Amino acid sequence: MQKIITTTIFIALLCSFLSANNTKNQLDEVYNFYFQGNYHAAEKTLQNLIPNANLKNQYPLLIELGDLYFDKLNELNKAESIYQLIIKLYPKEKTLADIYYRLGLLYEKQEKFLSAAQMYEIVATKYRNPYYLNDALDAIERCFKKNYQERVALIDSYPITRIEFEDRIAMAPGLYETFASKQQLLEEMINDRVMYLEALRQSLNLMPDFLERTTDTRKNSMFQNWYQQEIVNKVKITESDKKKYYAKNKKDFIIPEQASAKEILVLTKEEADSIYQILKDNSAVFESLAQAKSVSPTKKEGGNLGLFRRGTYPEEIENAIFKAKNNTLLAPIYSQAKGGYVIIKVEEIRPKQERKYKDVAAEIEHRLRAQIIDETFKKKTDAFRKACQITINEQAISQNLDTIALINNQPITQQDINQYISRIPPFYRSEFESPEGKRRILDQIILEKTWLFQLEKDKYYLKNAVFAQVQENKRGNLISMIRKNEVSDKVFISDDDAMKVYKQNLSEYKVPKQIRTREITVNSESLAQAIYKMLIKDKLPFDSLARTYSIAPTKRTGGDMGFYSAGNKIKEIEDVAFKLKVGEISKVIKQNDTTYTIIKLEEVKAPYTKSFDEVKASIIRKLRIDKDKELFDRFINEAKSRYQIQRFLTEETETPETPQEK
């Protein structure tokens, strides 16, 4: 008798195991239909499977059918009926919290925020450690904002709550300090809601372009959520890990001896000796002399060699530099490699330094984290590939065959490759148009399709972060589409319209005489006179001396004051500047007892009237903005007339009246 019972139990367990495996295989068939985008075939398959399965195996099949209606077909009433049926049939199922969570998402889609919050609350309070606990808690907070009793507006029965309104103000509080600005913000929020409703009224949510954008957002959001949760968040770096890495890779944290210096390269020893004598008396003019005399490409930077290690410059120069002390002027050195004589100013010698662990711990953690993330990502995506049936025709690309590969019997074609390439920025596109480049694109497409297949099976679209991002993106896209269709696309400004404005406002396009000058400003008259002597007698570059000596903000640009017309600079400067000839340098100008300036006139622009071609683009841009506003105001006012809009923001208290619950 005992043997018979044992055998019976074994057979029952075996049947249960085989049935569970069979259910898994059946669901894999459904997932393949999802992969192909054949949702109605998936629906038909599930509808045929469910009646023939026992009650236990119907549970995952019913969930899948509900998810199909909820996520793929957007038939929310059918999805709700199935979820409610599951709750009725399986009241003691341990994962029933997942169904309540789904109902919460479904009610949010329908803008039934109170019902959604109730479902999320069940998940958070009535079940122990449910899978979607954190998602439900985040969703409760989102629904709370929509269920908050203080409203600033109602569009039909849809509320804009005080919390939502204040959240928007908090994004840029400085813009909304007055009641008028707050009213304007509220009107913008109302307009957004009305445009969203108008987009739905015109069925823009069924347009192929909208559906494609939504699919892309959904796919990208699922990947980002998976990558963050399954890859990034699971990386744990201990102090021991970091110290082991430091001990093993100490050589990576040694900074070799370095130097920073400036150079002047000339062709003859006589010239080098002459410059060296000048610099011995006044090394501050090194940069100016480099710009004026040096034949090295570094002359534009005042001879600056930057910070460098050994092995960067000719050996005879480096040997002299690394033997010198800080702030040392070296006598001319002949360098065959440089083709002349080099005068070097050594600014700083930095000895070899071993970075301590405490100084590199954060860098080590970053390295280890990046390494583990890369390894984990490759391991998981390799597993995704193995879970799919992939066949690649290695000759297809070079032979220009249509079908290049198959993933779960779904073809990847030349057109798929070309469409992917077309989305690459033009500057980089050419490197992917070769057979080798197309093969790289094929690998990327396979990677994307395999992880998408897996994330669909794992139902990442139910994650709160994914759901919220997709819903917000849908609203934003619909608002953009309706505005484009009803306003932007209807704006047309002709050249004749622009010419008419140009002729009517000709005086606005007149430009007075302008000059461009450079300045050197110092706080000592004696220093100003010394600089003037260097400019006139020694012929040193004005811009270099400005960088060296000037205290004006323009010193970084070599004293360049840009173009300006009369009345834009102080009188003492303008009185001199507008009388100079191009290239002429003024004498020292006294602004006050501590401010002395020298001016050089670089360029003069005679007064003129801007041509129509010069200003046409700006005129058209302004006309488009004006026309866009006119059309938008007309459209939004007409659209608002179709809805009952109530506003509750008052200037006296800036606290909204709370309407009675309906």
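Me: What makes Lys571 and Asp575 a salt bridge?

Reply: In this predicted model, the closest N and O atoms of Lys571 and Asp575 are 2.8 Å apart. The cut-off is a Lys or Arg side-chain nitrogen within 4 Å of a carboxyl oxygen of Asp or Glu, so the pair qualifies.

Me: How do you know that Lys571 and Asp575 are separated by about one helical turn?

Reply: They both belong to helix α23, residues 571–577, and are four residues apart there, which means about one turn between them.

Me: Why is Lys571 called exposed, and what is Asp575 called?

Reply: Lys571 has 58% relative accessibility, and exposed means over 50%, so the label fits. Asp575 comes in at 34%; that value falls between the 20% and 50% limits, so Asp575 is partly exposed.

Me: Which residues are joined into one network by salt bridges that share partners?

Reply: Glu64, Asp67, Arg102 and Lys459. As for the total, the count comes to 52 salt bridges.

Me: What makes Lys378 and Asp382 a salt bridge?

Reply: Their side chains meet at 2.9 Å, N to O. With the limit set at within 4 Å, that passes. The two are four residues apart in helix α15 (residues 357–386), so about one helical turn separates them.

Me: Is Lys378 buried or exposed, and what does Asp382 count as?

Reply: Lys378 has a relative accessible area of 51%. Exposed starts over 50%, so Lys378 is exposed. Asp382, at 29%, sits between the limits of 20% and 50% and therefore counts as partly exposed.

Me: And Glu239 with Lys242, what makes that a salt bridge?

Reply: Their side chains have an N to O distance of 3.4 Å, and the rule asks for within 4 Å, so this pair is in too. Both lie in helix α11 (residues 239–248), three residues apart, about one turn of the helix.

Me: Why is Lys242 called buried?

Reply: Lys242 has 9% relative accessibility, and buried means under 20%, so buried is the right word. Its partner Glu239 has a relative accessible area of 41%; being between 20% and 50%, Glu239 is therefore partly exposed.

Me: Why do such side chains pair at all?

Reply: Because side chains of opposite charge can pair when their charged atoms come close.

Me: Moving on to the surface, what makes Leu55, Leu85 and Leu89 a nonpolar patch?

Reply: The rule takes residues with over 30% relative accessible area and no salt bridge, and joins nonpolar side chains such as Leu within 5 Å. Leu55, Leu85 and Leu89 form such a patch, with about 240 Å² of accessible area together. Leu85, for one, has 36% relative accessibility, which is over the 30% limit. That same value makes Leu85 partly exposed, because it lies between 20% and 50%.

Me: Where is Leu85 found?

Reply: In helix α4, residues 76–89.

Me: Why is α4 called roughly antiparallel to α5?

Reply: α4 packs against helix α5 (residues 96–109) at an angle of about 155 degrees, and their axes are 10 Å apart. Angles over 145 degrees count as roughly antiparallel, so α4 is roughly antiparallel to α5. The crossing of α4 past α5 is left-handed.

Me: What makes the phi of Asn129 worth a look?

Reply: Asn129 has a positive phi of about 50 degrees although it is not a glycine. Most residues other than glycine have a negative phi. Asn129 is found in the loop between α6 (113–125) and α7 (133–147). With a relative accessible area of 64%, over the 50% limit, Asn129 is therefore exposed.

Me: What is the phi of Asn400, and why is Asn400 called exposed?

Reply: Asn400 also is not a glycine, and its phi is positive, about 60 degrees. The loop between β9 (390–392) and β10 (403–407) holds Asn400. At 59% relative accessibility, Asn400 passes the 50% limit, so exposed applies.

Me: Why is Asn464 called buried?

Reply: Asn464 has 6% relative accessibility, under the 20% limit, so Asn464 is buried. This residue of helix α19 (residues 464–486) is 328 residues from Ala136 in sequence, with 7.3 Å between their C-alpha atoms.

Conventions. Residues are numbered from 1 along each chain as its sequence is written. This is a predicted model: local features need pLDDT of at least 70, side-chain atom pairs count only at pLDDT 80 or more; totals for chains, interfaces and linings use all residues. Side-chain values use heavy atoms; hydrogens and water are left out. Patches are made of residues with over 30% relative accessible area and no salt bridge: like charges are joined within 9 Å, nonpolar side chains (Val, Leu, Ile, Met, Phe, Trp, Tyr) within 5 Å. Accessible areas come from the Shrake-Rupley method with a 1.4 Å probe; for residues, only the protein chains shown count as cover. Buried means under 20% relative accessible area, exposed over 50%, partly exposed in between (1.4 Å probe, protein chains only). Axes are lines fitted to C-alpha atoms, for helices over the stretch in contact, and angles run from 0 to 180 degrees between N-to-C directions. Angles under 35 degrees count as roughly parallel, over 145 as roughly antiparallel, 65 to 115 as roughly perpendicular and the rest as oblique. A crossing is left-handed if the near helix is turned anticlockwise from the far one by less than a right angle, and right-handed if clockwise.
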